[in-house]
Amino acid sequence: MASKNSTTKTFVDAYRKKPEEVAGELTVDAEEGLSNEEAEKRLRQYGRNKLEESEGRSIWEIIFAQINNPVIYLLFAASILAFIFGDIPEAIAILVVLIVNTIIGFWMEYQAQKSMDAIKEMDKIRARVLRNGQEEEIDAEEVVPGDIVLVEAGDLVPADCRILEEIELKADESPLTGESVPVEKTVEALDGELQIADRTNILYKGTAITSGTGKAVVFATAMNTEVGNISSMVQEQEDKRTPLNQKLNNLTKTLIWVILGMAAAYFVFGWLAGKELYQLVQTSIAWSIAAIPEGLPIVASIALARGMFRLAKKNVLVKKLSAVETLGETTVIFTDKTGTLTKNELTVNSLYLPEVDLVKIDWHKGEKPETEGLDDPHKNANFSHIFKISVLANEATLEEETDEATAANDRERSEKDIRSRVPTPDDDEEATPGDSSPETSKDPVSEITKGTGDPLEIALLSFAQQLDSDIYEDHKKLERELHDPFDSETMVMGTISKEAEGHYVAGKGSTEAILSRSKKIQV
C-alpha cells in the first residue's frame, strides 16, 4: 500500500515553476528519464502508485453485520425464551426467520463486494515512460515521482505531472473538476494562487487525453495526487446508519418498552387478582413472544433485495443492502450535471442552412438519424459540404474504426485504453427516452458517441457515420495532404485532402474566425 511521502509539499506549486526547474528538483533528465535502478529505489521509497483503499470486509464481518441489529437481538431473545418455556414451534419459526434473513443479506452484499473487486481489476491501466533513454510501457502502479511520461489522445494520465512538452494537447478533466469541455494544456509557468481547474500546465491522475501529444514529469503519485486527496477526505467520513436502520432501531426500542410494560401490567393485575405466580410468569413471557413481529426483518430484507436487483438491471451496483432504502428517503440531490445527469457526450441536434433555415436531427425514429426539413439531404449542396467538412476537418477517431495510423502506433495499447473508459454497446442498455421497456430497447444516440478525441469532433463523426456510412467511408478514404491543427489564437483548424479532380479544403472553428476569413456564402 502506498505510503504518504513528501512530494505533495515539495511540488504543491509545480505549476508556478518552469518545466526544467521541476525536472531539476526531481533530479531527472527529461530526455533520458530515470534509470531502472533509480526507478526501483524510488518505488521502494514512495510506494506503488495506487490509491489507498479500506480493506474489504471478510465473510465473517459481512455475516456479523446482518445480525448486528436490535431487532435481531430481540427476536433471538424471544426464541431462547420460547425454547425455555416449551413453545418449540414458535422458537423454531423465529430461528428460521433469523437464518433466512441473514442468508439473504449476506448473499447480496457478498456478491456486490465481489463485483466491486472485479471492476477494480478491470480498471488496470498502462503508462508509457522513458527509462534509460528508451520508451517503455509499464503498469501505471509502478510509476514513480521523477518518471518522464509520454501521453497522446486516448491515454489515461497515470499520476499528477508537470508538462514539459506539448503539441495541441487537451485533457478531459471532468472526473476531477466537472468541466465538460476538454482543457487546453500549456508548458508555460503560471503566476498566482490558482485553483486546480486553472492549472493548465498540470496533468492530473485519472483524467483522459482527448487530443494532441505531450511529455510530462511526474511529481506526485498515489495518495499525494489531487484525486488521492479527494479519496482521503471520503475515507475520513464516518459511517452513518441509514434511515431504515434508524427507524428499525427506534421501532425495536419502542416495542421492547411497550411489551415489557404490558407484560408487567398483566403480571401485577394477575397477582392482585390472586392468580398462581408461575402461571403469571409463563403467560407474561408467552404473551411477550407473541407480540414480537418476527416477520419484520425478512420482509424488509426481501423488499431491499428486490430493489437491489432492480438497480442491478440498470447497471447500478449497491455495496450494502440497507443502502438501497436511502435512495427512497432522498428528497433533494445536489449534483454537478457533467457525467452525472448527463453522459459527458455531445450530439448533433440541428443544422442551419441558408435556404431552409433550421434542419432538425431526429435520432429516435429508426436505426439512423433523420433530417427533418430535408427529404434527401445529400441533394442539398450546403448540407453535403457540412457533411464532408465534419469528416475531413476532424482529428477524432470512432471506436469501431480501424485507423491505420493509430494501428501503427501500438494499436493494442490504444484499443485497451479506449475500452477501459468507454462502454461498449453491449454494456450500455439504456432505454430510449419515453420507452417503458429498458431491457428490450436502446437509445441510438447512446451507441454512437464513442471514440477518442474532442467531444465535439466525436459528435460530428458519429452523426456523419450514422447518417450515411457509405459516403462517410468515401470521405475517410481521401488522402490528407495538409493538416493545420486547431490553435487557440486563430480559433480555427483545417485540412487539405486530395480528390480525383483536385483538392478539397475543409476548415472549422469559431463563427467569428470563419466569417472573418470568408469572402462568399454559398446559397
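# Exercises on helix packing, salt bridges and backbone angles

The axes of helix H13 and helix H18 (residues 469–476) cross at roughly 55° and come within 9 Å of each other. The model used in these exercises is a predicted one.

**Exercise 1.** Describe how H13 lies against H18, and state which residues make the contact.

*Solution.* Begin with the angle: an angle under 35 degrees would count as roughly parallel, and 65 to 115 as roughly perpendicular, whereas the axes here cross at roughly 55°, and that makes H13 oblique to H18. Next comes the handedness, since H13 passes H18 in a right-handed crossing. Then look at the side chains: H13 contributes Phe387, Lys388, Val391 and Leu392, while H18 contributes Ile471, Tyr472, His475 and Lys476. Sorted by character, the residues of this contact of H13 with H18 are 5 nonpolar, 1 polar and 2 charged.

**Exercise 2.** Carry out the same analysis for H13 and H17, asking at what angle they pack and how their contact residues divide.

*Solution.* Helix H13 (residues 381–392) packs with helix H17 (residues 455–467) at an angle of about 120°, and their axes are 8 Å apart. H13 and H17 are therefore oblique to each other. The crossing in which H13 passes H17 is left-handed. On the side of H13 the contact involves Phe383, Phe387, Ser390 and Val391, and these meet Leu460, Leu461, Phe463, Ala464 and Leu467 in H17. The residues of this contact of H13 with H17 comprise 8 nonpolar, 1 polar and no charged.

**Exercise 3.** Work out which residues are linked with Arg128 in a network of salt bridges, and decide whether arginine 128 is buried or exposed.

*Solution.* Take the partners one at a time, beginning with glutamate 152, which forms a salt bridge with arginine 128 in which the closest N and O atoms are 3.8 Å apart. Glutamate 152 lies in strand S3 (residues 148–152) and arginine 128 in strand S1 (residues 126–131), so this pair ties together parts that are 24 residues apart in sequence. A second salt bridge joins the side chains of aspartate 155 and arginine 128, at 3.6 Å from N to O. Because aspartate 155 lies in the loop between S3 and strand S4 (160–172), while arginine 128 is in strand S1, this pair ties together parts that are 27 residues apart in sequence. Now turn to accessibility, for which buried means under 20% relative accessible area: arginine 128 has 10% and is buried, and glutamate 152, with 14%, is buried. Aspartate 155 and arginine 128 are both buried. The network of salt bridges links Arg128, Glu135, Glu152 and Asp155.

**Exercise 4.** Find which parts of the chain are tied together by the salt bridge of lysine 215 with glutamate 165.

*Solution.* The closest N and O atoms of lysine 215 and glutamate 165 are 3.7 Å apart in their salt bridge. Lysine 215 lies in strand S7 (residues 208–220) and glutamate 165 in strand S4, so the pair ties together parts that are 50 residues apart in sequence. Lysine 215 is buried, with a relative accessible area of 10%, whereas glutamate 165 counts as partly exposed at 40% relative accessibility.

**Exercise 5.** State where threonine 27 is found, and describe its phi angle.

*Solution.* Threonine 27 is found in the loop between helix H2 (19–25) and helix H3 (36–46). Most residues other than glycine have a negative phi. Threonine 27, although it is not a glycine, has a positive phi of about 50°. Its relative accessible area is 59%, so threonine 27 is exposed.

Technical notes. Residues numbered from 1 in each chain as written. Predicted model: local features only at pLDDT ≥ 70, side-chain atom pairs only at ≥ 80, totals over all residues. Heavy atoms only, no water. Axes fitted to C-alpha atoms, helices over the stretch in contact; angles between N-to-C directions. Helix = DSSP H or I, 4+ residues; strand = E, 2+ residues; numbered from the N terminus. Parallel < 35°, antiparallel > 145°, perpendicular 65-115°, else oblique. Left-handed = near helix turned anticlockwise from the far one by under 90°. Contact = heavy atoms within 4.5 Å. Nonpolar A, V, L, I, M, F, W, Y, C, P; charged D, E, K, R; others polar. Salt bridge = Lys/Arg side-chain N within 4 Å of Asp/Glu carboxyl O. Buried < 20%, exposed > 50% of the residue type's maximum accessible area, 1.4 Å probe, protein only.
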